[in-house]
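Hi,

Here is the structure I promised to pass on. Have a look at it first, and my notes on what turned up follow underneath.

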Amino acid sequence: MLYSEKVMDHFEHPRNVGEIENADGVGEVGNPVCGDIMRMYLKIDDGIITDCKFKTFGCGSAIATSSMATEMIKGKTVKEALELSNKAVVEALDGLPTHKIHCSVLAEEAIKAALVDYYKKNDMELPPEIKDFKPDEESDL
Amino acid sequence: MRVYADNAATTYMSETSMKVMVDCLKNANGNPNSLHSEGQATKEVLEDARAKVAKAINAANPNEIYFTSGGSESDNQALISAARGLKSKGKNHLITMSIEHDAILNTMKKLKKEGFDVTILDPQPDGIISVDDIEKAIRPDTALVSIMFANNEIGSIQPVAEIGKLCHEKGVLFHTDAVQAAAHLPIDVQAMNIDMLSMSGHKFHGPKGVGALYARKGVKLLNIVEGGAQERGKRAGTSNTPAAAAMAAALEEGVANMEANTAKTVALRDRLIEGLADIPHSRLNGHRTKRLPGNVNYSFEGAEGESLLLALDMYGIECSSGSACSSQSLEPSHVLMGIGLPVEAAHGSLRFSLAEDNTEEQVDYIIEKVHQVVAQFREISPFWDELERGVRKHVI
């Protein structure tokens with residue numbers, strides 16, 4: 001099989017799909033030319049991510065990594081979310097084929113992009129993890 | 001319901017072909033080069049297979065058929081033979097098309113590195129090459145024109161007879177990769193002025209690992225595989241007689257039933273094309289009618305091909321996609337790029353390749369499920385959302 005059972009499970013039953021109205025942070029990375037776009041919505045109360053939703057255009061692993069990443073940061077602190085690495089997402093999914101690793105990078109970056117938005121909206125200074133944040137596949141919007 | 005709709009990738013083996021193969025494995029599995037009875041009995045089977053392949057494409061002589069390991073090897077040998085073989089005659093130029101199979105394009109790339117001048121023509125937006133464009137590209141030093149019979153992804157049937165006539169008049173060799181066409185479209189190498197032709201057994205219900213190269217008498221072949229003097233000294237390695245016999249049987253059967261199979265498959269194809277046409281912002285890739293009997297290739301904007309493919313697979317529907325994400329290279333299909341499809345539309349493409357044993361019920365099931373999964377993935381697609389809100393512009 002191309003994908004692990006966990007990847008297929010998250011592809012078939014993606015968690016936290018959708019949008020959050022008046023989200024505290026929204027981030028989008030990727031573009032249609034690259035063939036994948038991820039958009040993350042965060043609801044943050046007192047430094048805790050109380051809700052997280054995503055919309056993804058992309059392949060099976062792009063959808064699965066978005067889904068897994070939302071599960072991994074929901075209920076966590078902003079600081080913990082800042083520390084989420086693409087590697088952790090890949091491990092949680094029991095691995096990805098080598099040529100699909102960039103999907104997990106995209107998931108990490110989508111979260112970071114949403115956090116950048118959150119800090120900016122609240123006129124807070126960007127923490128070191130995202131101070132010079134620039135995604136691999138920047139949204140062209 | 002299980003629906004196999006990926007016959008352009010490979011076909012199941014027909015009962016006839018399988019029976020011939022098993023019979024041969026049991027009763028004629030010698031080395032055709034052996035002089036004893038078993039060897040000679042096997043040689044007879046091999047030569048009978050060669051005659052059948054020759055007849056199927058109307059080759060003048062069975063000796064013009066060389067058994068190979070498949071379409072890729074045949075393509076490699078045809079191109080390399082023409083290029084290196086004619087170099088001493090001052091011919092250094094090769095012409096092909098951007099939507100050819102990689103067996104052609106990568107061999108051309110290799111020949112280019114060797115110093116040959118390669119012209120790669122784009123087809124028209126319907127996936128069909130303009131014969132005028134070929135004529136304009138031909139030069140005094142052109143050795144070979146290689147244009148496929150029909151495209152594997154979008155099904156477009158090329159004007160092979162016209163190209164053959166042109167090449168014949170210009171004194172240029174003409175090779176055609178007929179891997180998707182053999183047993184599916186009428187082929188007459190003599191009437192069509194084809195100098196070399198490639199085919200592969202498993203694309204017409206024969207076995208994998210076997211193919212053939214037709215090379216008209218007088219066309220000098222150079223060896224890709226060196227060794228013994230099998231295949232008239234042009235392709236070394238003990239002949240795989242059971243595979244060759246099974247391929248020949250499948251080809252013979254396919255040609256005999258071509259008319260009936262085509263009528264049935266075209267009806268299914270058209271039913272599928274029409275059934276998907278009402279999906280908004282979708283388009284059929286390739287020519288509407290000048291396409292392989294079973295080929296349907298669609299792009300759906302805002303949804304990604306690999307996701308669609310995997311979701312359809314869960315419903316038992318097996319097809320393929322030209323999206324970047326469904327390939328190892330992460331590049332979208334060079335065929336869809338070659339016909340000028342915008343890259344964002346190429347990412348959302350699906351190919352169904354039907355065969356005569358598919359049914360109307362199966363086609364209706366595909367139509368229903370494609371509508372469902374396209375809607376489902378558009379629902380969660382930020383790209384679709386941006387298209388619908390007018391933030392991005394629809395390209396289809």
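**The sheet in chain A**

Bear in mind that this is a predicted model. In chain A there is an open sheet of three strands, ordered 1-2-3 and paired antiparallel. The edges are taken by strand 1 (25-31) and strand 3 (48-57) of chain A; each has a single partner strand, so one side of each is left without a neighbour in the sheet. As for the twist, neighbouring strands of this sheet are turned by 15 degrees against each other on average, if you ignore direction.

If you want to check the pairing by eye, start with strand 1 of chain A and strand 2 (residues 36-45) of chain A: the two run antiparallel and are joined by seven bridges. For a specific spot to click on, G30(A) stands opposite I37(A), which belongs to strand 2 of chain A.

So what packs on this sheet? Helix 5 (residues 101-121) of chain A does, touching strand 1 and strand 2 of chain A. The direction of helix 5 of chain A makes about 140 degrees with that of strand 1 of chain A. Then there is helix 2 (residues 60-73) of chain A, which lies across strand 2 and strand 3 of chain A. Helix 2 of chain A runs at about 175 degrees to strand 3 of chain A.

**Chain B as a whole**

Over in chain B you will find 14 helices and 12 strands. The C-alpha trace of chain B spans about 75 × 50 × 35 Å along its principal axes. How does the radius of gyration of chain B sit with that of a compact globule? For 396 residues the globule would come out near 21 Å, and chain B has 22 Å, which agrees.

Burial first: 54% of the 396 residues of chain B count as buried. Now the contacts: taking those in chain B between residues at least 6 apart in sequence, 73% join residues at least 24 apart.

**Two domains in chain B**

Chain B splits into domain 1 (15-256) and domain 2 (258-388). Their C-alpha centres lie 29 Å apart. Where the domains meet, 21 residues of domain 1 of chain B are in contact with 18 residues of domain 2 of chain B. And what sort of residues does domain 1 of chain B bring to the side that touches domain 2 of chain B? They divide into 10 nonpolar, eight polar and three charged.

Shout if anything here is unclear.

Cheers

Conventions. Residues are numbered from 1 along each chain as its sequence is written. Chains are lettered from A and ligands numbered from 1 in the order in which they are written. This is a predicted model: local features need pLDDT of at least 70, side-chain atom pairs count only at pLDDT 80 or more; totals for chains, interfaces and linings use all residues. Helices (H or I, at least four residues) and strands (E, at least two) are DSSP runs, numbered from the N terminus. The radius of gyration is taken over C-alpha atoms; the globule rule is 2.2 Å times the number of residues to the power 0.38. A residue is buried if 20 or more other C-beta atoms lie within 10 Å of its own, exposed if 12 or fewer, and partly exposed in between; C-beta atoms are placed from the backbone. Two residues are in contact if their C-beta atoms, placed from the backbone, lie within 7 Å. Two strands pair if DSSP finds at least two bridges between them. Axes are lines fitted to C-alpha atoms, for helices over the stretch in contact, and angles run from 0 to 180 degrees between N-to-C directions. Domain bounds come from an automatic or database domain assignment. Ala, Val, Leu, Ile, Met, Phe, Trp, Tyr, Cys and Pro count as nonpolar, Asp, Glu, Lys and Arg as charged, and the others, Gly among them, as polar.
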